[in-house]
Every structure is written in structure tokens, then in C-alpha cells.
Amino acid sequence: MKKQTMRDKLFRYAAGHFGAEPEYLWKRTPDCAVLRRSDNGKWFAIAMNVDGSKIGFEKGKIYDIVNIKCSPLMTGSLLAMKGIVPAYHMQKEQWVSVLLDGSVDEEQVKSLIDMSYELAGQSGGSKRLRTEPKDWLIPAAPAMYDVEQDFRRDGTIIWKQTSNMIVGDTVYIYMAAPVSAIMYRCEAAEVNIPYNYDDGTYRIKRAVRLRLVHRYSAEDMPLARMKDLGVTAVRGARGVPNTLSAELKRLCRE
């Protein structure tokens with residue numbers, strides 16, 4: 001069996017988590033593929049082979065890279081990391097190139113893809129607005145926020161909105177360590193709520209109101225089981241693979 005390359009793993013991750021398949025758009029560069037969001041058509045990753053001289057390395061050596069979108073506030077920090085260089089053929093304040101030769105590990109590549117996907121969804125002016133409900137998975141840190149306490153008050157919580165959610169979306173809350181399991185199924189009852197909060201380390205500009213629909217036990221969907229269903233980590237708001245979504249809905253019916 002042929003060993004999977006980092007590019008193969010990246011494409012598999014994008015297909016499973018975002019429903020994005022690689023598109024090969026240019027005959028002159030048949031190895032170049034773009035990944036785009038289905039809701040607004042924006043690119044969030046471009047994989048390609050480039051000569052090392054194009055990205056500050058050895059001329060004549062071909063490197064497999066992926067361009068990903070990033071916040072201008074993070075560009076400097078990312079470029080200080082091994083295996084990440086100024087974006088080739090893209091706007092260098094908002095994109096970086098990530099080497100797919102193993103110098104950036106698989107989990108970090110996935111994290112960067114998650115970030116790029118989210119940023120590509122924040123661009124305004126899209127003419128194709130999503131109307132069909134979508135399933136989301138968001139993380140919560142038990143040590144920082146008592147989700148259960150807020151739900152007990154009136155069955156809803158206010159949450160930082162960092163993704164393109166619409167009313168009616170299903171939102172699953174994953175409680176991080178020491179719980180490490182999906183614990184709540186919610187519905188987005190109100191979105192894009194203006195919310196001015198900034199304590200110097202955490203800032204919220206818009207929020208979503210989540211209505212509790214179902215509580216899971218910690219044994220229903222722990223991280224070990226999530227991995228079997230296509231989710232290895234939850235670092236920020238992200239889509240839910242169909243396999244995991246179906247199992248979570250089944251658990252609600254039991």
C-alpha cells in the first residue's frame with residue numbers, strides 16, 4: 001500500500017471536516033490544487049510544488065507546500081516557526097506557506113487549516129449566503145467556564161461567535177480535559193449578537209445564543225471514540241463529519 005503523504009492527509013482531513021475536495025484549475029500546473037469553502041466559494045488552502053528558490057531554499061529542489069490564510073496579527077509568530085515561510089504567490093500579510101515535508105507536524109497542519117477555513121468564512125460581501133442548517137463542534141475549557149451552571153439558569157448560554165453560524169444550526173460542545181468528551185447538543189437561537197468584552201487576553205465582538213437541546217454523559221462520546229469517527233482534536237469552532245453527526249443524533253434518540 002502506498003504511504004500517505006502529508007498532502008494526502010491534508011486533503012483527507014479537508015474532505016472529512018469541511019466537505020472540500022481539491023480542485024485542479026490550471027493545466028500548466030497540474031500538481032496545484034485549491035480547497036474552497038462551499039458556502040462562499042473562497043479559497044482556504046492552495047497546495048502546490050515549488051522550486052526551493054521561490055521560498056528561500058535550495059534552487060533545483062522541489063518542495064510540496066500549502067498556502068493557508070492567517071490573521072496579519074499572527075503572521076510574524078507563524079513565520080518564526082520551523083517549516084513556515086512567507087507565502088509564495090499570495091499576499092504575504094494574510095497568507096503563509098507551510099512545508100509538507102514533515103517539518104510541520106500533522107496536527108499543526110490541521111490546526112492551521114482550521115484557522116484558514118474560519119478566516120475565509122469571515123470575508124464580507126458574499127453573494128451566496130448559507131440557508132441550510134449546519135452542525136458545528138466547539139470546545140470549552142471546564143477550568144475557565146462552568147457551562148452547566150449557565151445552562152441551569154435558563155437553558156441558554158451566550159458564546160463567542162467565531163464562525164459563520166446561522167439560526168437553526170446545531171452546535172455540539174466538547175468539554176476539554178479532564179472531561180475530554182462531547183457533553184451538550186445545542187441549537188443556535190440567535191446569532192451575530194453585538195457583544196463588547198475585552199479583559200486584555202480574551203476579546204468578544206459578536207456572540208451567539210445557544211439553547212440546550214440534549215445532555216450527553218461523559219461516556220457517550222469521549223475523545224477516543226471521536227477519533228474513530230473522524231475528529232482527532234477540537235481547537236476552535238469547526239464542522240462535524242457526517243459519521244460523527246449521525247452517531248450524536250442517534251445517541252439523542254436513545
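How many residues lie between β8 and β9 in their hairpin, and which residue in the turn has a positive phi? There are five residues between the two strands, and the turn residue in question is Ser180, with a phi of about 55°. Keep in mind that this is a predicted model.

Let's look at β8 itself. This strand covers residues 170-175, and six of its six residues are buried. Both faces are covered: Thr170, Tyr172 and Tyr174 sit on one side, with Val171, Ile173 and Met175 on the other.

β8 also has partners in β6 and β9, summed up here:

| Strand paired with β8 | Sense | Bridges | One bridge pair |
|---|---|---|---|
| β6 (residues 135-140) | parallel | six | Asp135 with Thr170 |
| β9 (residues 181-198) | antiparallel | six | Tyr174 with Ile182 |

Now zoom in on Ile173. Its relative accessibility is 0%, so it counts as buried. Leaving aside neighbours within four places in sequence, Ile173 is in contact with a list of residues that includes Ile138, Ala140, Val147, Phe151, Ile182, Cys186 and Leu210. Arg215 is 42 residues away from Ile173 in sequence, while their C-alpha atoms are 9.9 Å apart.

One of those contacts, Cys186, brings up the cysteines. Cys186 is buried, at 1% relative accessible area. Its sulfur is 10 Å from the closest cysteine sulfur, in Cys252, and a disulfide needs the two sulfurs within 2.5 Å, so that pair is too far apart for a bond. The disulfide count comes to zero. Cys70 is in no disulfide either, with the nearest cysteine sulfur, that of Cys32, 18 Å away. Cys70 is buried too, at 2% relative accessible area.

Note on methods. Residues numbered from 1 in each chain as written. Predicted model: local features only at pLDDT ≥ 70, side-chain atom pairs only at ≥ 80, totals over all residues. Heavy atoms only, no water. Helix = DSSP H or I, 4+ residues; strand = E, 2+ residues; numbered from the N terminus. Buried < 20%, exposed > 50% of the residue type's maximum accessible area, 1.4 Å probe, protein only. Contact = heavy atoms within 4.5 Å. Pairing = 2+ DSSP bridges.
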